[in-house]
Amino acid sequence: MRVVVVGAGQVGGTVVKSLAETHDCTVIDVDRARLEAVSHAYDVRIVQGSGTRRETLLGAGVADADLVMACTSRDEVNLVTAMLARRLSSARTVVRATGTDYLGAWRAGDLDVDLLVSAAFETAGAVERVLRVPGARHVDFFAHGEVVVLGVDVRGTAATRLAGRRLRETGLPAASRVVALVRDGNWTVPDADEVVREDDWIIAMASPTAARAWSRVVTGADPVDDVVIYGAGRMGTAVARVLLDRGVRVRIVEPDADLARAAAATLDRARVFHARGLDPAFLHRERIGTAGAAVLAEKDDSRNLHAAVLVKLHGVRLTLTVLDDPAAAEVFEAAGADVTIDPGDETAEKMARFTFGERTHQMAILGDDRFEVLDVTVRPGSRFAHCPADALPGAAVGAIVRDGTVLFPGAGGRTAARRPGRRPHGARPRPLDRARPVRPPGRLPHRRRWLPRARTDVDVRTALGVVGALLAWFALAFVPPAAVALAAGEPPWPFLVTGSAVALTGLALKRLTGPRPPLGVREGFLVVVAVWLLAPAFGAVPFLLGDVPQLDRPADAWFEAMSGFTATGATVVGDLDALGPDMLFWRQFSHWLGGAGIIVLALAVLPRLRIGGRELLRSELPGPVEIETLGETVRGTARRLWKVYLAVTAAGVLALAALGWAGLDRRMGLFDAFSYATSAVSLGGFAPHDDSARGLAPVTQWVLCGLMAVAGVNLLRLYRLAVLRQVRAAARDEELRLYAVLLVVGSGVVTAELWAAGDAGGAGALRHGAFQAVSVMTTTGFATVDWAAWGTAATLTLLALMFAGACAGSASGSVKVVRHLVIFRFARRELEQAVHPDAVLPVRVSGRVIGGQVLRSVLLYALLYLLVLAVGTFGLALDAGADAGGAGVFTTLGAAAACLGNVGPAFGELGPAGSYAPLGGASKVILGALMLLGRIEIVPLAVLLRRGYWRA
């Protein structure tokens, strides 16, 4: 279903969370920050603008939408949006209303919307349901009120009545069923002999009569008939109306005189007090402690918390807090409040119900949106008709309504023994494994968090599950080199064995972790680091299994694989002609896969990574790229990236092969054309021959130079330029302009230095100078000459270009042009601010203001880059093998800079004419680590090393 959600605040965000995985969602909001927050977490299209504007709705695709949900905090905006959507499309409309003012008009048919959801009314209903069964901490009604879903916390009074007894001995009502038991962070379906323990969570389904009996069994209390409400605002009065209609005695405490008078005028059966309600004398005088429950519904969470603690101290058994800020739920729980209710969750749940089919009469989102409870009609002829109740795939049946009679399979605690992890009553559980680790329940959970969260904010099992999915896909990468080996008469088994091991590892991780919740920001860092550690490790195995004497040591094989996948181009192979075609192809293919990113390709093909994949994409793409501007969805962005990548690769192969076919470069066969093109497009630098690009014809070197320059441009900028023909946008791109200027200036400076030093002259100086400047700045590492033999000025220029890098969003390594641009603009702003301290001087790039967070991240990366470079250089200096046959400090610094910047060749014996083979094992490990840090841009691994990353 195509759904347009207008409003990305709390309600809109919760609606999107519920729908994004199964529906095509577009989110509209005027606040860019809110849109970015939603798009970071879910794979949705975002549109900035007002839902009351015709252009905004049409731009969001409302003409083709099936459903429009207006979820902003302003009722009038929501109504206008829905009415305008009616005029522009045939979509159904759902409107959020904060109060109950428009509810009567909608019920009378005066408002042309399909559903109007009042946050105040839904919240009042949630309060009323909990008060019916005060022994439970979660209550929902299904099947037109015939089935009640209960969540019971075995603490306090409940622990004294239930703990230490078997379910069959607890005296639970017959017309009910224990569906699940949460204990020690895991949940299972218990049998009748299961012993209840303190701190357990019991999840049950019951008839209304049995639900009230559950309350008496658990706490000895009957339904509440006397309630005190703090707050006579919109929420408080709505709760009071619902409770008064049910015959409950209501007292209202309101500090604002106008609100108190208004409540007294409209709620004639309630007793209203104009008081703060926090004075002990008032509490004693009005006997507030005799109330069965207190509802805290003021617009100030701190006042609600104060009142909740006070009324508890004065004898109120049950406190229910209506949250103003959902983040305050944990504070209330820690302070001992009983139940917290989030109006946003209540509203979003009702709105999300509208997306289900007509056979789904009701639904509840439970466990922090990890699974659902559904009320579903099974029609004649359905594949579920006449099948056993415990045979539904991925679901458990808690209750059946048949011919007006409610049946509870295995009722009264005599639940049929089933394997752990079966879901409570419902049809479509959210992804959960069979024994989902959860946080032990607090005394009083958030109502919509009655299955609590894990204490750690890093879901390692979810991350490992995604890593497993990526590895299972990565196993296919070993098929092409195996085919090349067969064609060349080489044994393919090193690749087939490695591919099988990778596939089995991936499938094992997926199976062990099971279905998981969406990926979060923290898990995204862990996945990126894990994949980039495992890919080179597995990629080194064919070198070890094959007959490759130069790579028969693990350190050498790992170094070569790491250099390949990170598109660095540093090598320990001194004689490439001794390698077979299969191993040469594997080196080039690893370059090509790593250039655009293994994870980016996986995002384009694996549906599982759509939710939460935006965080992976942000961590994978080099440079501070604004993902939201690149594509409508994560998958769309990833596919566009790979389309451009494939197109540029194909063009490069054809261009180089054409030179060979035309006789302009007789050395350039199809295999060499593929090898040089994939290496140039990935900005890697691996070549199929020892002389890199030195043996190529001059025209071929110019074509390679142009291919490297094009590959250094942001891939999505290339897409816009080549496909969308956005030439003006490209001309306004300051990063692209600076990139072109640096390439021209760098080429000119190197050419002039070669000419002046006599290292080359005429057209040769221009060709060699331009080629090496482009090769080093784009971090490719091809060489037409041994630049290690050049003079000091040319060598220092190349070293400086190593720190430039190409555009963000390309396969380039190093710092990236845009970061240099931001740092320069920031420095200029600070200097001008010193002269004009009161001036407001925003930092702009390409006409966009760079926020403080981006500035800090750019400066942090630059600082970390220099710090890692210094540490790496020092580590190489400590290793005896880093001297490389007499080379000194400059060679050591050059090697560290070349590997951290993913350039490859360095200076001296480690230059284009040499290799890294003379280095010791420790130096190779250090340089391999620098390659990895340069490819993932340091931050993901640095984050993982912080203790705070793993803490909740």
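**A tour from helix α27 to a six-stranded sheet**

Begin by selecting Asn714 and Leu716 in this predicted model, where, at the start of helix α27, a side-chain oxygen of Asn714 reaches to within 2.9 Å of the backbone nitrogen of Leu716. Extend the selection to the whole of α27, residues 715-722, and colour it by accessibility: the helix is mostly covered, with six of its eight residues buried. The buried residues are Leu715, Leu716, Arg717, Leu718, Tyr719 and Arg720, so named here that each can be picked out in turn.

Next, move to the sheet. Select strands β12 to β17, which form an open sheet of six strands with parallel pairing, in the order β14-β13-β12-β15-β16-β17. At its edges you will find β14 (271-274) and β17 (339-341), each of which pairs on one side only. Looking across the sheet, you will see neighbouring strands turned by 20° against each other on average, direction ignored.

Now narrow the view to β12 (residues 226-230) and β13 (residues 249-254), which pair in the parallel sense over five bridges. Within this pair, show Ile229, which stands opposite Ile252 in β13.

Then add the helices that accompany the strands. Helix α6, residues 119-132, packs on the sheet and touches β12, β15 (293-296), β16 (318-322) and β17, while its direction makes about 165° with that of β16. Finally, select helix α10, residues 257-266, which lies across β13 and β14 and runs at about 170° to β14.

Technical notes
Residues are numbered from 1 along each chain as its sequence is written. This is a predicted model: local features need pLDDT of at least 70, side-chain atom pairs count only at pLDDT 80 or more; totals for chains, interfaces and linings use all residues. Side-chain values use heavy atoms; hydrogens and water are left out. Two strands pair if DSSP finds at least two bridges between them. Helices (H or I, at least four residues) and strands (E, at least two) are DSSP runs, numbered from the N terminus. Axes are lines fitted to C-alpha atoms, for helices over the stretch in contact, and angles run from 0 to 180 degrees between N-to-C directions. Contact means heavy atoms within 4.5 Å. Buried means under 20% relative accessible area, exposed over 50%, partly exposed in between (1.4 Å probe, protein chains only). A polar contact is a pair of N or O atoms within 3.5 Å; within protein, one must be able to donate a hydrogen and the other to accept it, and residues adjacent in sequence count only if both atoms are side-chain atoms.
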